[in-house]
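Let's walk through this one together, from the overall picture down to a few individual residues. Keep the sequence and the 3D view open as you read.

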Amino acid sequence: MAVIELKNVRKYYGALEVIKGVDIRVEDGEFAVFVGPSGCGKSTLLRMIAGLEGIDGGDFLLDGRRMNDIAPDKRGIAMVFQSYALYPHMSVAENIGFSLDLKKVPKATIRKEVEAIAEILQLTDYLDRRPAALSGGQRQRVAIGRAIIKKPAVILFDEPLSNLDASLRVQMRAELQRLHRDLKATVVYVTHDQVEAMTMADRIVVLKGGEVAQADAPIALYHRPDNAFVATFIGSPR
Ligand code: ADP
Ligand code: MG
């Protein structure tokens, strides 16, 4: 189980309030997409869920348990970044297996897990390469592999496809949806791309200036936007 609840969550950078009392609930196994213009607070919200940023007000609950003060590595939450953030001096296999290596899992076990994940992500032939010798799509697959190897209950994606060209982006969307079905994890996926949100989400949360403008299923949002901002952003018919 992995139900995410944000309750009246706030974040300040100095005097600037960037998250202004956000309430969001993501159901177990749901693929939720946070969408909104640049600077609206998408990354900040994800980083708070991951524990990479403190929560200045309100609560983050995971399955009803308050997580505000739980260390990032104790949350059972993995995060995939736009920039991949791979270790350049390590092979693909070492990158994917790194978190298990830290936990002193036996090498042979790590190798087996890494090979299973490489199979899913079509990286089997690239395990001995360094990240520099991979394409953008392959690097992003490695970043995903590294995130899922510990079988997290929650996976957070922060604009994972925005560095890829258009055709690869479309292909990777389908791959990520398949992965979500297979892993049965709860996913929060951040993008500024409306099309990506509409095609991938079970539910879309539209953010505007650190607040939720509307949260609904893609079709409902498209046909029944609550306000002009959502209508314009999603591109609803008039
Ligand atoms: P998004 O991911 O939706 O583009 P962010 O969550 O990155 O937006 O940023 C939300 C707001 O917080 C923006 O106004 C941004 O400038 C500000 N912000 C983000 N990180 C910091 C930081 N470390 N220090 C100060 N302001 C920040
Ligand atoms: Mg961002």
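**A tour of the predicted model**

Start with the broad view: over residues 4-234, the chain is 37% helix and 26% strand, and the C-alpha atoms at the two ends of that stretch sit 24 Å apart. That span isn't arbitrary, as an unreviewed UniProt entry annotates residues 4-234 as "domain: ABC transporter". Bear in mind that what you're looking at is a predicted model. As for confidence, the protein chain averages a pLDDT of 95, with 100% of the residues scoring at least 70. The model's ipTM is 0.98 and its pTM is 0.94.

Now go to the beginning of the chain. Strand S1 (residues 4-13) runs antiparallel to strand S2 (residues 16-26), and eight bridges join them. To get your bearings on this pairing, find isoleucine 4, which stands opposite valine 26 in S2. At the turn, two residues lie between the strands of the hairpin, and glycine 14 takes a positive phi near 60° there.

S1 has another partner too. It pairs with strand S4 (residues 57-62), again in the antiparallel sense, over five bridges. Here the marker to look for is glutamate 5, which stands opposite leucine 61 in S4.

Next, bring up ligand 1. Which residues are around it? They are Tyr13, Val18, Gly36, Ser38, Gly39, Cys40, Gly41, Lys42, Ser43 and Thr44. Helix H1 (residues 42-50) gives the most to this shell, contributing three residues. Sorted by character, the shell divides into three nonpolar residues, six polar ones and one charged.

Finally, take a look at glutamate 159. You'll find it in the loop between strand S7 (154-158) and helix H5 (166-183). Leaving aside residues up to four places away in sequence, glutamate 159 touches Gln82, Val190, Thr191 and His192.

So is glutamate 159 buried, exposed or partly exposed? Count the neighbours: 19 other C-beta atoms lie within 10 Å. Being buried takes 20 or more, while being exposed means 12 or fewer, so glutamate 159 comes out as partly exposed.

One last distance to check in the viewer is the one from glutamate 159 to histidine 223. The two are 64 residues apart in sequence, and C-alpha to C-alpha they are 25 Å apart in space.

Methods: Residues numbered from 1 in each chain as written. Chains lettered and ligands numbered in written order. Predicted model: local features only at pLDDT ≥ 70, side-chain atom pairs only at ≥ 80, totals over all residues. Near = placed C-beta within 6 Å. Helix = DSSP H or I, 4+ residues; strand = E, 2+ residues; numbered from the N terminus. Nonpolar A, V, L, I, M, F, W, Y, C, P; charged D, E, K, R; others polar. UniProt positions renumbered as here; feature names shortened; annotations may be inferred. Contact = placed C-beta atoms within 7 Å. pLDDT = per-residue confidence, 0-100. Pairing = 2+ DSSP bridges.
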